[in-house]
Amino acid sequence: YVPLPDEPHPTPRTIRRALLAWLALVLAEPRPGLLRLQFLAPVVGDLRARQLSVPTGCVLIFGIAWCSIRWLGLRSTRGLLALGGTWLALMLLFEIGLGRWVPGYPWTRILSDYDPRRGGLLSLGMLVLAFSPRIAARLRGIRP
């Protein structure tokens, strides 16, 4: 969580909780990915399987935001958007780093997942990630 101007500085507790919620996102995401590789990709192809996994990932992201938003204790719109932006930055670093250095995907393959012109829908998932804290807060009745 990075504070924006006129936003109170986050407490160490808030930072820990924001990182723990992000860690829950990281731990939840591989399961659908493994199922996609094992069962869906052989049937519909790799690109289509990756496209179909984006809605599942969005549901997981929003579910974790929904469950953790009160626990995180953020109340302001700026704080919630900063949290989403922080989750987005961390997830991009994690996913791109993981894809690049574990299976060794080339940059073109990694970036194609984010390019709608090439069939990649992961940019949509990243938008959901960025705005999920704000949306979850609003739907849970947390008003700035």
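Is W22 buried or exposed? With a relative accessibility of 14%, W22 counts as buried. The model you are looking at is a predicted one, so please read everything below as a description of that prediction.

## Aromatic pairs

W22 is a good place to start, as its ring has a partner. The search for aromatic pairs comes to a count of three. In one of them, the ring centres of W22 and F94 are 6.1 Å apart and the planes stand at 90°, so this pair is edge-to-face. The two residues come from distant parts of the chain: W22 sits in helix 1 and F94 in helix 4, with their positions 72 residues apart. While W22 is buried at 14%, F94 is partly exposed, at 31% relative accessibility.

Another pair joins W101 and W107, and this pair too is edge-to-face, with 6.2 Å from centre to centre and 85° between the planes. Here W101 is exposed, its relative accessible area being 62%, and W107 is partly exposed at 39%.

## The nonpolar core

Next, the interior. The largest nonpolar core holds 23 residues, and the members that touch the most others are L25, I69, L72, W87, M91 and L129. Four helices each supply at least two residues of this core: helix 1 (12-28), helix 3, helix 4 (77-101) and helix 6. Helix 1 gives the most, with six residues.

W87 is worth a click in your viewer. Setting aside residues up to four places away in sequence, W87 touches A18, A21, W22, L25, A65, S68, L72, L129, S132 and P133. W22, the residue we began with, is thus on the contact list of W87.

S132, also on that list, lies in helix 6. What is the relative accessible area of S132? The value is 1%, so S132 is buried. Leaving out neighbours within four places in sequence, S132 is in contact with I61, F62, A65 and W87. A65 therefore appears in the contacts of both W87 and S132, since contact here means heavy atoms within 4.5 Å.

## A network of salt bridges

Now for the charged side chains. Across the whole structure there are five salt bridges. D46, R50, R109 and D113 are linked in a network of them.

Within this network, R50 and D46 meet through their side chains at 3.0 Å, N to O. They are four residues apart in helix 3 (residues 46-72), which means that about one helical turn separates them. R50 counts as buried, at 14% relative accessibility, whereas D46 is partly exposed, with a relative accessible area of 32%.

R50 also forms a salt bridge with D113, where the closest N and O atoms are 2.1 Å apart. This pair links distant parts of the chain, 63 residues apart: R50 belongs to helix 3, and D113 to the loop between helix 5 (107-112) and helix 6 (122-139). D113 is buried, with 15% relative accessible area. D113 has a salt bridge with R109 as well, the closest N and O atoms being 2.9 Å apart. Both R109 and D113 are buried.

## A nonpolar patch on the surface

Which residues form a nonpolar patch on the surface? They are W66, L81, L127, F131, I135 and L139, and together they have about 550 Å² of accessible area. Helix 6 provides the largest share of the patch, four residues.

L127 is one of the patch residues and has its place in helix 6. At 49% relative accessibility, L127 counts as partly exposed, because the exposed class begins over 50%.

## Around L40

One last stop is L40, in helix 2 (residues 30-44). L40 is partly exposed, with a relative accessible area of 29%. Not counting residues up to four places away in sequence, L40 touches L35, G45, A49 and L52. L40 and S53 are 13 residues apart in sequence, and their C-alpha atoms are 9.3 Å apart in space.

How values were computed: Residues are numbered from 1 along each chain as its sequence is written. This is a predicted model: local features need pLDDT of at least 70, side-chain atom pairs count only at pLDDT 80 or more; totals for chains, interfaces and linings use all residues. Side-chain values use heavy atoms; hydrogens and water are left out. A salt bridge is a side-chain nitrogen of Lys or Arg within 4 Å of a carboxyl oxygen of Asp or Glu. Buried means under 20% relative accessible area, exposed over 50%, partly exposed in between (1.4 Å probe, protein chains only). A nonpolar core is a set of buried Ala, Val, Leu, Ile, Met, Phe, Trp, Tyr and Cys residues joined through side-chain atoms within 4.5 Å. Patches are made of residues with over 30% relative accessible area and no salt bridge: like charges are joined within 9 Å, nonpolar side chains (Val, Leu, Ile, Met, Phe, Trp, Tyr) within 5 Å. Accessible areas come from the Shrake-Rupley method with a 1.4 Å probe; for residues, only the protein chains shown count as cover. Rings of Phe, Tyr and Trp (its six-membered ring) pair if their centres lie within 6.5 Å; planes under 30 degrees apart count as stacked, over 60 as edge-to-face and the rest as tilted.
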